[in-house]
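Here are some short exercises to work through with the structure open beside you. Try each task before you read its solution.

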Amino acid sequence: MKRLVVARLLQAAAVIAVVVTSVFVLLQFAPGDPFAASLEGTDIPPGVRAEWRARYGFDLPPGERFVRWIGALAHGQLGYAASQRRTVASVLADALPRTLLLVGVALILGFTFGVLAGLLQVRHHRRWPDRLLGALTLGGVAMPEFLLGLLAMTWLGARWRLFPVAGLASEGDVNAWPLWERALDHLWHLALPAGVLALSVAARVARHQRAALLGVMQEDYIRTARAKGVGAWDVLRRHALPNAMAPVIALLGLAMPSLVGGAVLIEKIFGWPGMGLTLFDALLARDYPLILAATLLSTVVVVAARALADLLAAAFDPRGLRAT
Amino acid sequence: MASRTWQRLRDDRAARVAIVILGCTVAVALLSPWIAPFDPTFQPDPVGLRLAAPSWRHPLGTDVFSRDVLSRLLVGARLSLGVAVGAMLLSATLGTALGALAAVVGGWVDWLVSALVDILLAVPRLLLVVALVATFGALSPVWLALLLGGTGWLTTARIVRAEMRDQQQREYILAARALGASRWRITWRHLLPAVAPQVTVAAVLALAAVVPLEAALSFVGLGVQAPLPSWGNILLDGSDYLTTAWWLVVFPVAVITGTIGAALVLADRLRTAIAGQEYGR
């Protein structure tokens, strides 16, 4: 187990290093820079433009800029986000918790409901609950998150006005409200984006949970447990489920990047200003320091989550350890 | 072997439904210029027919420029599916070639391909594609297909590599080597046909992954550009009128979801049919 942890961490570090370096290299080939939008095409004299670029080091050769960026990173300096007129660190300090909240709530809800649906389907295998949930989860897997988001927004948000369609909190003198009311308001705004992501996760988890459980239910020890008089639910929950968990957790680890990708669109549709929306806007504004830092942070989160899922899966099912 | 798999698929009701849905979608995409009732960019009456609800004349309604939504969906299928199928073919080819190279050559080539796959798998594909397009500017549909295909070969390469390494251990490969067949002859005549079923499944799954990507890109304005219709940018046009014009959202969503669902079901049933072929005889 220890060796697996070390190997996984080393691999994660290598992946992060390669991704960030590639982003830096790619940006060198991209047209424009953070000042293109505000300086080009205006009547600001060329000398002033050059001075602004020199002040932020954009006149240096790419190699030196990269070394400087790494050096600053080592000192905890992420630079200045010109498009938002504040430091990169403060932009990310605002954005990261919002995304972690959104994805975290979606993962927990989605995983719980997915596992429950899978259990229910196997308990009533080939009867109507299985077929109904099977059809629903197929729809959930087939419908991209952002389409589900649009539908939810159209009906639950815009037409029936049950939930707010955008933003983090209500307009007006929200800050004067008592703390619990502000928290409720925040959750109410979280409901649609997190609910949509959660449904999408739940559908995927349920399909894999059902398949894994059906596989385990064929095993001899399940028949032994049944023969000894353990009830159908108890066999499923206490004997089959633990052994059917590992593939589902491993799947979640593998699905992490696409979950984050889906979250980007959800953030964009629902105006949830997290990491995805920040990165999206930074790309359009060519805000290099912000792009690099946001990419670095998202990659760290994705890679860490994947490594964690791998280790969790190994903890649930140590049989796979010998193979790796 | 292929005909047995086909037989199993035809005996499978879910697979039949999926094949019919996909077949109809492809046929509609190919025939769209002739069966679409209107020109997809034709604006008959931008004032009187603005956001008109579904009617006999416009069965799926009209958009904000009074353009016929049915015609836009039909012609949009051409671009959306064309991009998706192009990307699928490219990713299947690239994935098979790189996976085979890794398995057959081994050594540092294997290490390099595997490392590249591991790294790219850690990056959200949607984010990667959005980043590339946002940085370098909007692409023509052909380049879009190349970009989506060029980022979609990872799982295929993984599957091909694993399956080929498994096949290499079997006696018939040893026999071929003993008969003096070269490495590349073995790859071409024995290993590639052996992985063909898995590649087919992976390709159908790749199609199911590319359709939403294209839709998402066009939806955020980075994919197929107006006035060309695609499933994604019909939604983009509709997203401003959620409360007034449900037909601009519901029909594209239904078409996209139906296509992806059919591809997912087909991949699943195909996998079962192939597995039955191997173990059941």
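**Exercise 1. Elements and overall form**

How many helices and how many strands does chain B have? Then set chain B beside chain A.

Solution. Keep in mind that this is a predicted model.
- Step 1: chain B has 11 helices and zero strands.
- Step 2: chain A comes to 12 helices and two strands. Reading from the N terminus, the order in chain A is α-α-α-α-β-β-α-α-α-α-α-α-α-α.
- Step 3: along the principal axes, the C-alpha atoms of chain A fill a box of roughly 85 × 55 × 35 Å, and those of chain B fill one of roughly 80 × 45 × 30 Å.
- Step 4: in chain A, 38% of the 324 residues count as buried; in chain B, 46% of the 281 residues do.
- Step 5: for contacts in chain B between residues at least 6 apart in sequence, 72% join residues at least 24 apart.

**Exercise 2. Confidence**

Find where confidence is lowest and where it is highest in chain B.

Solution.
- Step 1: begin with the whole model, which scores ipTM 0.87 and pTM 0.89.
- Step 2: chain B averages a pLDDT of 88, and 98% of its residues score at least 70.
- Step 3: within chain B, the lowest confidence falls in helix 1 (residues 2-10), with a mean of 82, and the highest in helix 3 (residues 69-105), at 94.

**Exercise 3. The contact between the chains**

Which helix of chain A gives the most residues to the side that touches chain B?

Solution.
- Step 1: the contact takes 33 residues from chain A and 31 residues from chain B.
- Step 2: the elements of chain A that give two or more residues to this side include helix 1 (2-29), helix 7 (145-159) and helix 12 (288-316).
- Step 3: helix 7 of chain A gives the most, with eight residues.
- Step 4: sorted by class, the side of chain A that touches chain B has 25 nonpolar, five polar and three charged residues.

**Exercise 4. The largest nonpolar core**

Which residues touch the most other members of the largest nonpolar core?

Solution.
- Step 1: this core has 171 residues, and those touching the most other members are Ile291(A), Val130(B), Val204(B), Leu207(B), Ala208(B) and Val210(B).
- Step 2: helix 9 (residues 183-219) of chain B supplies the largest share of the core, 19 residues.
- Step 3: take Ala208(B) as a case. Leaving out residues up to four places away in sequence, Ala208(B) touches Ile260(B), Ala263(B), Leu264(B) and Ala267(B).

**Exercise 5. Checking a helix**

What should helix 7 of chain B span at 1.5 Å a residue?

Solution.
- Step 1: helix 7 of chain B (residues 154-168) has 15 residues, so the expected span is 21 Å.
- Step 2: the end C-alpha atoms of this helix are 21 Å apart, which agrees.
- Step 3: its buried residues are Leu154(B), Thr156(B), Ala157(B), Arg158(B), Val160(B), Arg161(B) and Met164(B).
- Step 4: these buried residues pack against helix 3, helix 4 (107-121) and helix 9 of chain B.

**Exercise 6. One aspartate**

Why is Asp185(A) classed as partly exposed?

Solution.
- Step 1: Asp185(A) is found in helix 8 (residues 179-217) of chain A.
- Step 2: Asp185(A) has 16 other C-beta atoms within 10 Å. Buried would take 20 or more and exposed 12 or fewer, so Asp185(A) counts as partly exposed.
- Step 3: Asp185(A) touches Ala169(A), Ser170(A) and Val174(A), not counting residues up to four places away in sequence.
- Step 4: Asp185(A) and Val174(A) lie 11 residues apart in sequence and 8.9 Å apart in space, C-alpha to C-alpha.

Notes: Residues numbered from 1 in each chain as written. Chains lettered and ligands numbered in written order. Predicted model: local features only at pLDDT ≥ 70, side-chain atom pairs only at ≥ 80, totals over all residues. Core = buried A, V, L, I, M, F, W, Y, C linked by C-beta atoms within 7 Å. Helix = DSSP H or I, 4+ residues; strand = E, 2+ residues; numbered from the N terminus. Contact = placed C-beta atoms within 7 Å. Nonpolar A, V, L, I, M, F, W, Y, C, P; charged D, E, K, R; others polar. pLDDT = per-residue confidence, 0-100. Expected span 1.5 Å × (residues − 1).
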